[in-house]
Amino acid sequence: WWTTRPRTVGSTARPRAGGTAQALNMSQLLQLDRYIIREKFWKLFGNKLWLRDEQGQLHGFCKQKAFKLKEDIRLYSDESMTDELLKISARSIIDVWGGYDITDSRNGEPLGSARRKALKSILRDNWTLFDPAGNEIGKLVEDSAGMALVRRFIPLGALVPQKFHIDVAGASQPVTLQQKFNPFIRRLVVDIPPGHPLDRRFIAAIALLIATIEGRQG
């Protein structure tokens, strides 16, 4: 099963020519049990996000263009945007079901996909996760129905940060995505239990997707 065998540091697979920096950056990312996705809270056009470890070392950068009809999210190794690591692309321009395909940009390997449950997400954010063959492998959901309703319908409820958890078969503990923000900076803290079976490239892509698409109530 694809999720039980994430690529590990020290693999004998060779990076593409000129891809040494990419391989090193992705290898470092795969070792992290916790990292923070940071974005500017106030922005007029487009968006920028930085993926850093707890010591502040940069492991990824994303710049979203404004006014794009079809969502296309790229994770790069740094702000030069010369080394692309991951690609998250919407399947259609208008997709109420929120289908996104995730690909390893270094070698074109499909990692899986995520689809938002549109009706359920009106009251509580809810996503289904799939492997590259289209088999359901898990879910990503907002922390609780009660807190979700507070964020959407109670005055000033939008100030309550969101928390998401990823549940997959074979994992005793979920991956958690916790919002933390002040009036100027929004952060999403990603916590991965050691030894978790889900491919960490896929986790990084899901976290980036949540940071850019969801989480606007908090």
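This briefing describes the fold, the core and several individual residues of the protein shown above.

The structure is a predicted model, and its secondary structure comes to 4 helices and 12 strands. Of the 218 residues in the protein, 46% are buried, while the exposed surface amounts to about 11,200 Å², of which carbon and sulfur atoms supply 56%. Among contacts between residues at least 6 apart in sequence, 43% join residues that are at least 24 apart.

**The largest nonpolar core**

- The largest nonpolar core has 43 residues, and the members that touch the most other members are Tyr35, Leu177 and Ile206.
- Helix H4, which spans residues 200–213, gives the most to this core, with 11 residues.
- Once its neighbours within four places in sequence are left aside, tyrosine 35 is in contact with residues that include Leu29, Leu51, Arg52 and Asp53, and also with Leu188, Val189, Val190 and Ile192.
- The contacts of tyrosine 35 also include Ile203 and Ala204, and helix H4 covers residues 200–213.

**Strand E8 and its partners**

- Strand E8 runs over residues 126–130 and is mostly covered, with 5 of its 5 residues buried.
- In a regular strand the side chains alternate between the two faces of the sheet.
- In E8 both faces are covered, since Asn126, Thr128 and Phe130 on one side and Trp127 and Leu129 on the other are all buried.
- Strand E7, residues 109–116, runs antiparallel to E8 and is joined to E8 by 4 bridges; within this pairing, arginine 115 has threonine 128 of E8 as its bridge partner.
- Strand E9, residues 136–142, also pairs with E8 in the antiparallel sense, here over 5 bridges, and valine 141 in E9 stands opposite asparagine 126.
- E8 and E9 form a hairpin with 5 residues between them, and in the turn glycine 134 has a positive phi of about 90 degrees.

**Aromatic pairs**

- A search of the whole structure finds 2 aromatic pairs.
- In the pair made by tryptophan 50 and phenylalanine 61, the ring centres are 5.6 Å apart and the planes stand at 55 degrees, so the pair is tilted.
- This pair links distant parts of the chain, with tryptophan 50 in strand E2 (residues 47–52) and phenylalanine 61 in strand E3 (residues 58–64), 11 residues apart; both tryptophan 50 and phenylalanine 61 are buried.
- Tyrosine 100 and tryptophan 127 form an aromatic pair that is tilted as well, with 5.9 Å from centre to centre and 40 degrees between the planes.
- Tyrosine 100 lies in strand E6 (residues 99–104) and tryptophan 127 in strand E8, 27 residues apart, and the pair links distant parts of the chain; both tyrosine 100 and tryptophan 127 are buried.

**Glutamate 84, a buried residue with polar contacts**

- Glutamate 84 is in strand E5, which covers residues 84–90, and counts as buried because its relative accessible area is 18%, which is under the 20% limit.
- The side chain of glutamate 84 is joined to the side chain of arginine 74 by a polar contact of 3.0 Å.
- A further polar contact, of 2.7 Å, is made between the side chains of glutamate 84 and serine 105.

**Glycine 99 in strand E6**

- Glycine 99 has its place in strand E6, and with a relative accessible area of 3% this residue is buried.
- Not counting residues up to four places away in sequence, glycine 99 touches Ser89, Ala90 and Arg91, and also Ala114 and Arg115.
- The C-alpha atoms of glycine 99 and isoleucine 88 are separated by 10.0 Å, and the two residues are 11 residues apart along the chain.

**Methionine 81 in a loop**

- Methionine 81 is found in the loop between strand E4 (72–76) and E5.
- Most residues other than glycine have a negative phi.
- Methionine 81 has a positive phi of about 55 degrees although it is not a glycine.
- Methionine 81 counts as partly exposed because its relative accessibility of 33% lies between the limits of 20% and 50%.

Technical notes: Residues are numbered from 1 along each chain as its sequence is written. This is a predicted model: local features need pLDDT of at least 70, side-chain atom pairs count only at pLDDT 80 or more; totals for chains, interfaces and linings use all residues. Side-chain values use heavy atoms; hydrogens and water are left out. Helices (H or I, at least four residues) and strands (E, at least two) are DSSP runs, numbered from the N terminus. Buried means under 20% relative accessible area, exposed over 50%, partly exposed in between (1.4 Å probe, protein chains only). Contact means heavy atoms within 4.5 Å. Accessible areas come from the Shrake-Rupley method with a 1.4 Å probe; for residues, only the protein chains shown count as cover. A polar contact is a pair of N or O atoms within 3.5 Å; within protein, one must be able to donate a hydrogen and the other to accept it, and residues adjacent in sequence count only if both atoms are side-chain atoms. A nonpolar core is a set of buried Ala, Val, Leu, Ile, Met, Phe, Trp, Tyr and Cys residues joined through side-chain atoms within 4.5 Å. Two strands pair if DSSP finds at least two bridges between them. Rings of Phe, Tyr and Trp (its six-membered ring) pair if their centres lie within 6.5 Å; planes under 30 degrees apart count as stacked, over 60 as edge-to-face and the rest as tilted.
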